[in-house]
Amino acid sequence: MESTALITPGLARDLAALGRLGEDTSMESVLRGLTTALAAGVPGCAGASAEHWRDQRVLVSGSHSELIMLVEGEREVGEGPSVEARKSGARASVSDVLTDGRWPRYDALATRWGVRSALAVPIDVAQAQLVVGLYSVRPGAFSPQGAHSLTDMLTEQLGVAMANMWDFEEVRTDAAQLQEALAGRALIDQAKGIIMQTSGCSAEDAFEELRRISQHHQVKVADLARLLVEEHQRKSRR
């Protein structure tokens, strides 16, 4: 008998937690958390995979390494529920790989890894597409009714998680750029001090000299300042 309810309270809780980000959060950790939550929380599900597609590049995660190999193998043979879901933008499933005849090469791969039924759910999120795969060791594990409800929940929760992820990455990038700018400014100040000490010129003239040399050699002022400071430090150590 097919399962009709694919959502449990534990799954709902774990999916909601994906939107809570921390300092160590990355796209890899979010996808790993997603596949772990699905494998543990969906009745009848023995494992899960997630493909994050952006600009024709893909990041694959799986609750089990065998499922990562299955997804990558499916992409190589060019057929299967995940390939179909990404192409059509609609859910795709295999009720039983032993009797389904649509994708024989995929069925052979799935059988090799002990998969009897599978469900692939495409989800459009900010700047990317996710294809979430669920796998069972028994046939008919994912009913159409349950798949519909699960798709709605995944779309909502992953939409929030991915939006938070992009905001988090933007803040982290801005912070890194600011830190780099501050470090560059400190090097420029050090380089100006070296020039002032050597030539006895003002801070303004020292900066103009840095800029003149950087333009002549077509390098950034900050890179030139770093080279000057490093050379000064080497001479000082001698």
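Biologist: Before we look at helices α7 and α8, what do their angles run between?

Modeller: Angles run from 0 to 180 degrees between N-to-C directions, with axes fitted to C-alpha atoms. Keep in mind that this is a predicted model. Here α7 (residues 203-217) and α8 (residues 221-237) pack at about 105°, their axes 9 Å apart.

Biologist: Why is α7 called roughly perpendicular to α8?

Modeller: Roughly perpendicular covers 65 to 115 degrees. The angle is about 105°, so α7 is roughly perpendicular to α8. On the α7 side the contact uses F207, L210, R211, I213 and S214, and α8 brings V221, L224 and L228. Sorted by class, that's six nonpolar residues, one polar and one charged.

Biologist: And what makes α3 roughly antiparallel to α5?

Modeller: Over 145 degrees counts as roughly antiparallel. Helices α3 (residues 65-77) and α5 (residues 104-112) cross at roughly 160°, their axes coming within 10 Å, so the label fits. L70, G73, E74 and V77 of α3 meet R105, Y106, L109 and A110 of α5. The classes there are five nonpolar, one polar and two charged.

Biologist: Now S49 in strand β1. Why does S49 count as buried?

Modeller: The cut-off for buried is under 20% relative accessible area. S49 has 1%, so S49 is buried. Residues touching S49 include T35, V71, V131 and Y135.

Biologist: How do you know that the side chains of S49 and Y135 make a polar contact?

Modeller: The pair of N or O atoms has to be within 3.5 Å, with one able to donate a hydrogen and the other to accept it. For S49 and Y135 the distance is 2.9 Å, and the pair is listed as a polar contact.

How values were computed:
Residues are numbered from 1 along each chain as its sequence is written. This is a predicted model: local features need pLDDT of at least 70, side-chain atom pairs count only at pLDDT 80 or more; totals for chains, interfaces and linings use all residues. Side-chain values use heavy atoms; hydrogens and water are left out. Helices (H or I, at least four residues) and strands (E, at least two) are DSSP runs, numbered from the N terminus. Angles under 35 degrees count as roughly parallel, over 145 as roughly antiparallel, 65 to 115 as roughly perpendicular and the rest as oblique. Contact means heavy atoms within 4.5 Å. Ala, Val, Leu, Ile, Met, Phe, Trp, Tyr, Cys and Pro count as nonpolar, Asp, Glu, Lys and Arg as charged, and the others, Gly among them, as polar. Buried means under 20% relative accessible area, exposed over 50%, partly exposed in between (1.4 Å probe, protein chains only). Lists of a residue's contacts leave out its neighbours within four places in sequence.
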